[in-house]
Amino acid sequence: VLVTAASIGFRLLAQLTYVFGLLIVISLLHFTLIYPYRIYRLDRYHLIGLYLPWLFFTYAILATKTVAIDFPTINNAGQTIGGPLLPVLNLLLAGLFLLSLLIIFLRSRKVDGFHRRNLLTMFITLLFGGLPAIYFGVLQEYKFLPFNYLLGPIASSIWLGATTYLVAKK
């Protein structure tokens, strides 16, 4: 009974990793659209359209087996067996992240002073911390290089640590 409870908890944790990972990338895109000034007015319909994929994939991850047939458990050492929607989710994650990176870079060229420095710092942080996290955590599944499950979380930790330092530093 204890092993089953641990497996269920580990599976739920893996599912929530996908759910909140997508929420982080969509929130990053939302942030790039409004900082330091809005590109265009985001009313409630735009926001619903922006966060609708998150609701769809949250349902697909937690309630169906269309994103992943099996998530990591104690027995299968961290391997996610992908379903038919996992490549779509991975491409969405990578695409939204790269779009956010591009928007930050383009916006940093149009502003100056304090905002330019913040945008360039964010761009560099995302480039050196977030891009490896996307590569090792999302795209590495397609076997470009030998796979290591630890590289995604390590790169994500570097990204989050650098971002937290930049936000806390004044």
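Let's start with a word you'll need: a residue is called partly exposed when its relative accessible area falls between the buried range, under 20%, and the exposed range, over 50%. Ala162 is a handy case, because its relative accessible area of 29% makes it partly exposed. Keep in mind that the structure you're looking at is a predicted model. Here's a quick tour of a few spots in it.

**Around Ala162**
- You'll find Ala162 in helix α5.
- Try spotting Thr121 as well: it sits 41 residues away from Ala162 in sequence, and the two C-alpha atoms are 9.8 Å apart in space.

**The second largest pocket**
- This pocket has a volume of about 640 Å³.
- Three elements each give two or more residues to its lining: α1 (2–34), α4 (114–137) and α5 (151–168).
- Of the elements, α4 gives the most to the lining, with seven residues.
- The lining has 19 residues in total, and the ones nearest the pocket's centre are Asn118, Met122, Thr163, Leu166 and Val167.
- Sort the lining by type and you get 11 nonpolar residues, five polar ones and three charged ones.
- How do you find empty space like this in the first place? Rolling a probe the size of a water molecule over the atoms shows where space is left.

**A nonpolar patch on the surface**
- Four residues, Tyr45, Ile48, Leu52 and Leu55, make a nonpolar surface patch of about 450 Å².
- Tyr45 belongs to helix α2, which covers residues 44–63.
- Is Tyr45 buried or exposed? Tyr45 counts as exposed because its relative accessible area is 62%, and the cut-off for exposed is over 50%.

**Leu99 and its partner in space**
- Leu99 lies in helix α3, which runs over residues 86–110.
- With a relative accessibility of 39%, Leu99 is partly exposed, so it lands in that in-between range from the start of this briefing.
- Now look for Leu29: it is 70 residues from Leu99 in sequence, yet their C-alpha atoms are 7.5 Å apart in space.

**A cis peptide bond**
- Which form does the peptide bond from Tyr35 to Pro36 take, cis or trans? This bond is cis, and its omega is near -5°.
- To find Pro36, go to the loop between α1 and α2.

Conventions: Residues numbered from 1 in each chain as written. Predicted model: local features only at pLDDT ≥ 70, side-chain atom pairs only at ≥ 80, totals over all residues. Heavy atoms only, no water. 1 Å grid on protein atoms, 1.4 Å probe; cavity = no way out; pocket = protein on both sides within 12 Å on 5 of 7 lines; lining within 4 Å. Points joined across faces, edges and corners; volume = space filled by probe spheres on them. Helix = DSSP H or I, 4+ residues; strand = E, 2+ residues; numbered from the N terminus. Nonpolar A, V, L, I, M, F, W, Y, C, P; charged D, E, K, R; others polar. Patch = residues over 30% accessible without salt bridge, like charges linked within 9 Å, V, L, I, M, F, W, Y side chains within 5 Å. Areas by Shrake-Rupley, 256 points an atom, 1.4 Å probe, with all protein chains shown as cover. Salt bridge = Lys/Arg side-chain N within 4 Å of Asp/Glu carboxyl O. Buried < 20%, exposed > 50% of the residue type's maximum accessible area, 1.4 Å probe, protein only.
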